[in-house]
Amino acid sequence: MFSNSDARAAADLPLLAGLNPEQRAAVTLPPEHALILAGAGSGKTRVLTTRIAWLLQTGQVSPGGVLAVTFTNKAAKEMLTRLTAMLPLNARGMWIGTFHGLCNRFLRAHYKLAHLPQAFQILDTQDQLSAIKRLCKQFQVDEERFPPKQLQWFISGCKEDGLRPPDVEVRDAESRKKVEIYQLYEDQCQREGVVDFGELMLRSYELLRDNDAVREHYRRRFRHILIDEFQDTNKLQYAWIKMIAGLPGEGSHSAILAVGDDDQSIYAFRGARVGNMADFVREFSVQHQIKLEQNYRSHSNILDSANALISHNQRRLGKNLRTDAGAGEPVRVVEAPSDFAEAEWVVDELRQLVKGEGYERKEIAVLYRSNAQSRVIETQLFNAGVPYRVYGGLRFFERAEIKHALAYLRLLENPRDDTSFLRVVNFPPRGIGARTLEQLQDAARAAGTSLVDAVGSLPGRAGANLGAFVAKVDVLREQTAGCTLREIIEQMLESSGLIEHYRADREGADRIENLEELASAAESFVTQEGFGRDAVALPVDETAELTQSPASQGLDPDAPLLNEPLPAPPLPVDADTGETLSPLAAFLTHAALEAGDNQAQAGQDAVQLMSVHASKGLEFDAVFITGLEEGLFPHENSLSDHDGLEEERRLMYVAITRARRRLYLSHAQTRMLHGQTRYHIKSRFLEELPEDALKWITPRRSGFADMPASFSIAGGARPAWGNSGIHSNFSAPAALPARKTEPSHGIAAGQQVFHNKFGEGKVLSVQGEGDDARAQVSFGRHGVKWLALAVAKLTVVE
DNA sequence: CAGAAGCGCCTTTTT
DNA sequence: GGCGCTTCTG
């Protein structure tokens, strides 16, 4: 095992150059549980990635033995990019991703044990809500007494607490009804073969909990588990971590490195439990705790402000940021007579920053507590002709036209997906009204089938129209067998009538553009190397990987392999046929798991507008924090309880620590809120800052024009560089090193092949290379299947 | 069946 | 004040 002399030898590795003592200590910790308290701007991501690289390079773990979890796709991508820049390595075997992404991968690999169809589709928040609404209609739930939104919140909350319907405590008639609906919702999802986000987590947790062989396999496999933003984990996520790592004394073989910052916990409102940090230390008997307090981002006036503010919170693990960067400029504070004047001042000031002081626009952020506040500022920016970008709008895959297109695609994969069926059965309009659909739903419920299966039972013109729709989808499915994903999408756009519909619409141009973007996005998804990684149910043979030497991974051949590979117990393999997801199904999964960016045209030099929440993890040369008023920030809804106020203060802490060089704080005496002008006193947070770091300034312009804040842009026009453009996540695939191509599998389209289980079939198409190669084969009685060639044993028939 | 008009809501958000 | 959703009306 690990010894001190090895650590000393490792200390000279170039990987570790430039790390401060705390960072270095964190990176080179022995393989035991540890908690890293990483302050804002303290190089947290660097520590995390260097730790993984160091473990790999010193031969303490192979890529397959690493599990690294983040919350956002962005963070996961960042980690992977940095890691592959440090080390040449095959990222394929590594489990780096978001909680949900990894759970998805896990469930695909064990879909039978998880009681799911292999191509199960994922409901996003919108889909989930419409599924609940549909259910309420069907079971005549009083939507006044049980608003679907509230039911959604209830169901998600239960799942996040790990509770299935029978586990939920029933206290009165109301809660009984809610639990009943929860159960109905579960039945509906199961019948349709769909899972929501919470279900991804909960079901993988339960599978680990209930299946000894699976659990044991992963426990032995993951020697190092690294968790980012640990303060944001919820109850279920922490339970999942415990399940996959094993508590001390439960035959655990892994070391957890949890990285977090209790002062930046701002998601309690959605179930995050900072308390998981303390629980982790206790339950895992954590011996190593390291604080990263050296800040590399901001000047000390900014840090002093942040430190002073956060010291007003009682419940802290305790941490103080420090810097070598010097005092820098004072934090500028401004009082404006109105929200309108505040916006005017912000725009004035930032033009000065750009013109007079050489700041780049994209290095300036305007932050606010709630999104509604962006409007006044946008108006001013628009009038002044300053390019800006607003974060937090609709994301690519959430746009209505994209959701429609995805619904058609989902029906190609799974005709029983009732949510998708209802979404597009009459879109574009084809004479199928609400009455018809009600009848159809009744018939389906009576027969206990899905909607497509009930179509035949409807008589008359209504039945004929429905039949035509189903036939259309069926025809499309047949026609596109053997087509590339791009071709499938293009044909779908045509034959569904979506393109035609939007072409007829005066305002449909943007939508058509988005639909075309969808086809391109799909294409780059397919060509991206290893695209199927998250969706392919390849049997996991980790023993092979664990016995590989570091040299074969492209690592330092002289580094000793310190750990003998642990023989992982054989894993129950579901997909011994090699059957895998079609590119289409994989793409649909991707679309659900990664909603796409919500920012237009990255790279454009535009001022950044966003909520404080959205700014977490980012940094800018200059930051404006606006609307610092009691009731707004801290928000009035949070004032009732102590924890709420502390979370608001952490939010302010996050906002302050975004700034590198210059920080502005502003508040307005009056503000237009919910349609009426309200008077606010300045935020208590301003009082909690150190006087000597601040400078109260008066606006440069002679007096504020206190115009009515109701002024708005005629027609709601948005500038071209606003939020209206499209941007997809597919433009910049993580730069993975090219892998050597495996010997040819010898399978080509048109061939007759034989499969052990499915018999004889004809190859329709082949995609991908090496391990990712897969073939689409038509097996007659067994239908068309996608097979992973690395697994499926296909022989060519003459 | 589609556009218009009215109603009610309104913190933060990722997967 | 404005947006999204439901209901009304041609």
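Start your tour by selecting R270 together with DNA strand B: an N or O atom in the R270 side chain lies 3.5 Å from a sugar or linking oxygen of the strand. As you look around, keep in mind that this is a predicted model.

**Stop 1: along the DNA**

Stay with DNA strand B and select H100. Which part of the strand does the H100 side chain approach? Here an N or O atom of the side chain is 3.4 Å from a base oxygen. Now move to G433, where a polar backbone atom sits 2.9 Å from a phosphate oxygen of DNA strand B.

Next, show everything that surrounds the strand. You should find 25 residues, and the closest are R369, P429, G431, G433 and S611. Try colouring this surface by class: seven of the residues near DNA strand B are nonpolar, 14 are polar and four are charged. Then turn to the DNA side. Of the strand's atoms within 4 Å of the protein, 57% belong to sugar or phosphate, and the rest belong to bases.

**Stop 2: rings that meet**

Leave the DNA and highlight the aromatic side chains. There are 22 aromatic pairs in the count. One of them joins W345 and F624, whose ring centres are 5.7 Å apart, with 75 degrees between the planes, an edge-to-face arrangement. Trace the chain from each ring and you will see that this pair links distant parts of it: W345 belongs to helix α14 (residues 339-357) and F624 to strand β14 (residues 620-625), 279 residues apart. Are these two rings buried or exposed? W345 is buried, at 3% relative accessibility, and F624 is buried too, at 0%.

Now select W95, F106, Y218 and F222 as a group, since ring pairs link these four into a cluster. Add R105 to your view: this residue lies over the face of W95, 4.8 Å from the ring centre. For another charge over a ring, go to F139, where the charged end of R445 sits 5.6 Å from the ring's centre.

**Stop 3: two cysteines**

For the last stop, select C136 and C189. How many disulfides does the structure hold? The number is zero. A disulfide is a covalent bond between the sulfur atoms of two cysteines. The sulfur of C136 has its closest cysteine sulfur in C189, but that one is 13 Å away, so the two are too far apart for a bond. Looking from C189 gives the matching result, with C136 holding the closest cysteine sulfur at 13 Å. Both residues are tucked away from the surface: C136 is buried at 0% relative accessible area, and C189 counts as buried at 6%.

Definitions and conventions
Residues numbered from 1 in each chain as written. Chains lettered and ligands numbered in written order. Predicted model: local features only at pLDDT ≥ 70, side-chain atom pairs only at ≥ 80, totals over all residues. Heavy atoms only, no water. Disulfide = S-S within 2.5 Å. Buried < 20%, exposed > 50% of the residue type's maximum accessible area, 1.4 Å probe, protein only. Near = heavy atom within 4 Å. Polar contact = N/O pair within 3.5 Å; in protein donor to acceptor, adjacent residues only side chain to side chain. Nonpolar A, V, L, I, M, F, W, Y, C, P; charged D, E, K, R; others polar. Phe/Tyr/Trp six-rings, centres within 6.5 Å; stacked < 30°, edge-to-face > 60°. Helix = DSSP H or I, 4+ residues; strand = E, 2+ residues; numbered from the N terminus. Lys NZ or Arg CZ within 6 Å of the ring centre and 35° of its normal.
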